[in-house]
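Reader: I am new to this. Can we go through the terms one at a time?
Author: Yes. Here is the structure.

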Amino acid sequence: MTTATQAATTPVPTAVRPRVGIGYRIHKALGTIPTFVLWGLVLLWSLPTMGIFVSSFRDETAVKTTGWWTVVSDPELTLQNYQDAFSSTGAASANMWEHFLNSIAITVPATILPLAIAAFAAYAFAWMDFKGRNWLFVGTVALLAVPIQMSLIPLLQLYVGGAHLTIFGETFTVFPDLNLNGTITAVWLTHIGFGLPLAIFLLHNYMTGLPRDVIEAARVDGANHPQIFWRLILPLSVPALAAFAIFQFLWVWNDFLVALTFVGNEPSKAPLTVRLASLAGSRGQDWHLLTAAAFISIALPLVVFFSLQRFFVRGLLAGSVKG
Amino acid sequence: MGEIIDTIVSVAVAVGVVIGAFVAVNQLLDQAPRRFWIFATGAGAILGAVVGAAANSGGWFLGGSLWPIGGAVVGALLGGVVWARYPPSMHWRRRLPDRVRPLVFIGPALLFVGIALVAPTIRTIYLSFRDRQGEEAVGFENYRTIFRNDNLFTFDGAGDILTSRTFLLAIAITVVAVTITIGRGVVRERGVDFTAPLPVISLGTAVTLVVVAALGALGGIVIWNNLFWVFFVAVFSTVAGLAIAALADHARGESIAKSFIFMPMAISFVGASVIWRFVYAFTPASNDQIGLLNAAWVGLGGDPQTWIQTQPWNTLFLIAIMIWIQTGFAMVLLSAAIKGVPHELTEAALVDGATRAQVFWRITLPQIRTTLGVVITTLIIVVLKIYDIVKVMTSGRFSTNVLANDMFDTAFTDRNRELGAALAVLIFVGVVPLMVVNILRMRRAAQA
């Protein structure tokens with residue numbers, strides 16, 4: 001222990017003659033290679049996104065005939081593409097504003113509701129004693145990996161016609177036909193169920209880590225479970241709640257499959273991802289419009305990501321097993 | 001504006017209902033010991049509403065909501081008037097809140113998870129054993145249909161792997177690496193060490209080359225395509241993530257560099273696909289290239305290529321998008337793990353004369369192997385159900401189809417739900433072993 005730290009911290013004696021031979025110079029030059037490689041990779045990773053960002057501000061003919069990197073020598077920029085992408089009239093329109101609102105209408109409830117429901121459940125798994133607690137929790141963790149493809153067919157049937165059970169010739173409605181197919185409600189309701197396992201898992205892990213003494217003390221003072229939950233656990237769990245909220249926000253905002261399944265036949269209800277995919281299919285060569293539309297759909301997640309990256313990383317580190 | 005107000009209202013109502021019901025039921029429970037009549041009325045109303053809803057087995061037309069409301073009123077009366085007159089013992093009433101409370105806390109979660117995940121999973125498995133009308137059980141017929149379809153699964157052409165040049169190259173690399181490793185062990189008289197960098201890296205390269213050979217021979221067949229996706233994304237995202245995490249560790253501007261590599265994680269698969277379609281864009285050789293890749297290719301003297309249509313290598317260009325996204329994920333987890341390796345260990349090794357490369361290979365890597373396992377299992381789980389990228393890039397054409405895309409088309413476009421269910425179950429079966437691994441790892445972590 002002592003030798004290791006001493007050797008590491010002791011400064012090089014000044015009496016040693018500085019080595020400036022050719023070998024040392026080569027060695028030093030080689031030492032900078034990792035830095036070059038790192039920043040080379042960073043550039044490589046950023047170029048594709050930079051490409052659509054720059055192109056979205058270039059004039060239609062320019063985008064279609066010259067590479068976006070020529071913007072360096074010919075810096076002529078326009079906001080026309082964004083006007084076309086947002087507008088709801090005209091041949092070039094993509095009506096992205098409406099779909100932006102749809103995305104918001106799906107994402108907000110699909111983020112808040114699982115947060116509340118999961119907080120109740122996570123508290124119970126962490127601090128209540130009841131039969132079957134461990135098995136239920138393991139079951140929840142197991143559900144993390146279940147691919148959502150397993151749910152889509154039955155859920156669509158459920159939203160179209162409800163669920164009915166026939167026993168002894170008598171048909172019972174287990175779940176009513178609420179006419180949910182093709183509605184935004186169907187999308188966020190579904191996301192609640194899909195988001196819950198991860199939410200419960202993350203919040204449970206955080207809540208079990210809270211100091212037992214504090215909770216025991218509250219209990220001795222006569223607080224019951226709802227009081228401990230609202231007054232003690234919830235305020236203490238804000239970091240974990242924030243981590244999950246960001247995770248779920250990005251997940252729902254970026255979701256394509258769930259939205260396509262339930263509102264795919266209802267273009268006016270489509271969120272940005274579904275709209276962008278259909279634009280890519282129908283107007284795949286209109287790069288001036290596609291780049292602007294793509295950037296509109298990724299702008300909000302990027303803002304959230306860069307401003308709240310700390311929480312996102314925390315959520316990722318705590319439970320990177322989502323299916 | 002109307003939509004915004006609609007949204008705000010529906011969100012407020014939904015959140016209010018969930019939290020309000022939770023608080024109300026908890027309050028009711030608290031009333032059981034002292035003011036039993038309140039509890040009896042409330043419990044009666046809730047039970048009555050549920051029974052009323054269930055009794056309304058016909059259609060849930062608008063008037064249908066009268067059933068649960070009527071049930072609630074009748075239940076409240078029965079509870080408040082009849083049950084409240086004959087309250088159970090004080091002992092029972094005192095114990096009741098603690099008994100029922102766990103159910104109140106986890107009930108809502110169980111309800112949603114049950115409806116959205118558990119029941120559908122069971123039903124999908126059930127559907128996969130039914131015929132197309134869903135009327136008769138057909139055993140494994142749907143699965144037989146899948147495995148007999150040469151577009152989905154076949155071994156035809158597997159023999160070509162053995163004669164391909166990449167395979168021969170892989171054999172050559174293996175022979176050379178094994179010879180050198182054994183030779184070195186004999187010369188240095190320290191025993192043969194297959195965990196040294198040279199044999200591990202060259203054998204890893206050989207395996208990758210064999211998979212590339214397999215892609216050349218079996219690419220385009222849906223189930224094989226899925227396996228190629230899993231292999232390439234798991235391997236390359238992990239290796240790239242590890243390399244970047246190691247390079248960035250304590251480098252200047254570390255957090256900025258990591259942010260940029262991590263950024264694609266915030267972009268939807270659909271957005272990423274559009275971004276990369278632009279990179280792969282093709283224009284005839286007579287024009288300027290607008291796609292970055294073709295511009296670079298032409299700059300190097302090649303002819304412009306239609307990257308996403310040229311089989312079978314186009315699958316690799318789609319896979320590259322996923323690697324671009326997931327490398328950031330691998331990097332974040334591995335970087336955190338590398339920073340968690342105790343300094344005493346690495347410092348001691350450096351003092352003893354180990355090079356940085358040796359420290360990384362012999363100390364850091366073994367120390368972070370649990371995280372490596374987490375990263376790889378998570379990547380496999382995510383990639384097995386890959387859908388969006390294939391859908392947006394090619395719609396599964398040009399031999400790039402994968403299971404999830406075929407499942408969606410079969411179930412929802414062709415309306416063959418039962419066969420679609422069988423395809424979904426195949427994805428699920430691929431995930432199950434990883435699910436078990438995850439649970440075992442968590443149990444171990446909980447015990448430690």
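**Why these words?**

Reader: How far apart are the centres of domain 1 of chain A and domain 2 of chain A?
Author: This is a predicted model. Taken over C-alpha atoms, 37 Å separate the two centres. Domain 1 of chain A covers 19-81, and domain 2 covers 96-318.

Reader: What makes residues of domain 1 of chain A count as in contact with residues of domain 2 of chain A?
Author: Their C-beta atoms, placed from the backbone, must lie within 7 Å. Nine residues of domain 1 and seven residues of domain 2 are in contact in chain A. On the domain 1 side, α3 and α4 (60-65) of chain A each give two or more residues. That side divides into three nonpolar, three polar and three charged residues.

Reader: Why is α7(A) called oblique to α9(A)?
Author: The axes of helix α7 (residues 133-143) and helix α9 (residues 184-208) of chain A cross at roughly 125°. Roughly perpendicular ends at 115, and roughly antiparallel needs over 145. The angle fits neither, so α7(A) is oblique to α9(A). Their axes come within 8 Å, and the crossing is left-handed.

Reader: Which residues meet there, in α7(A) and α9(A)?
Author: Thr140(A), Val141(A) and Leu143(A) in α7(A) meet Pro197(A), Ile200(A) and Phe201(A) in α9(A). By class, five are nonpolar, one is polar and none is charged.

Reader: How many residues of chain A are in contact with chain B?
Author: There are 93, and they touch 93 residues of chain B. Helix α3 (residues 33-55) of chain A gives the largest share of the chain A side, 15 residues. That side has 67 nonpolar, 24 polar and two charged residues.

How values were computed. Residues numbered from 1 in each chain as written. Chains lettered and ligands numbered in written order. Predicted model: local features only at pLDDT ≥ 70, side-chain atom pairs only at ≥ 80, totals over all residues. Contact = placed C-beta atoms within 7 Å. Helix = DSSP H or I, 4+ residues; strand = E, 2+ residues; numbered from the N terminus. Nonpolar A, V, L, I, M, F, W, Y, C, P; charged D, E, K, R; others polar. Domains from an automatic or database assignment. Axes fitted to C-alpha atoms, helices over the stretch in contact; angles between N-to-C directions. Parallel < 35°, antiparallel > 145°, perpendicular 65-115°, else oblique. Left-handed = near helix turned anticlockwise from the far one by under 90°.
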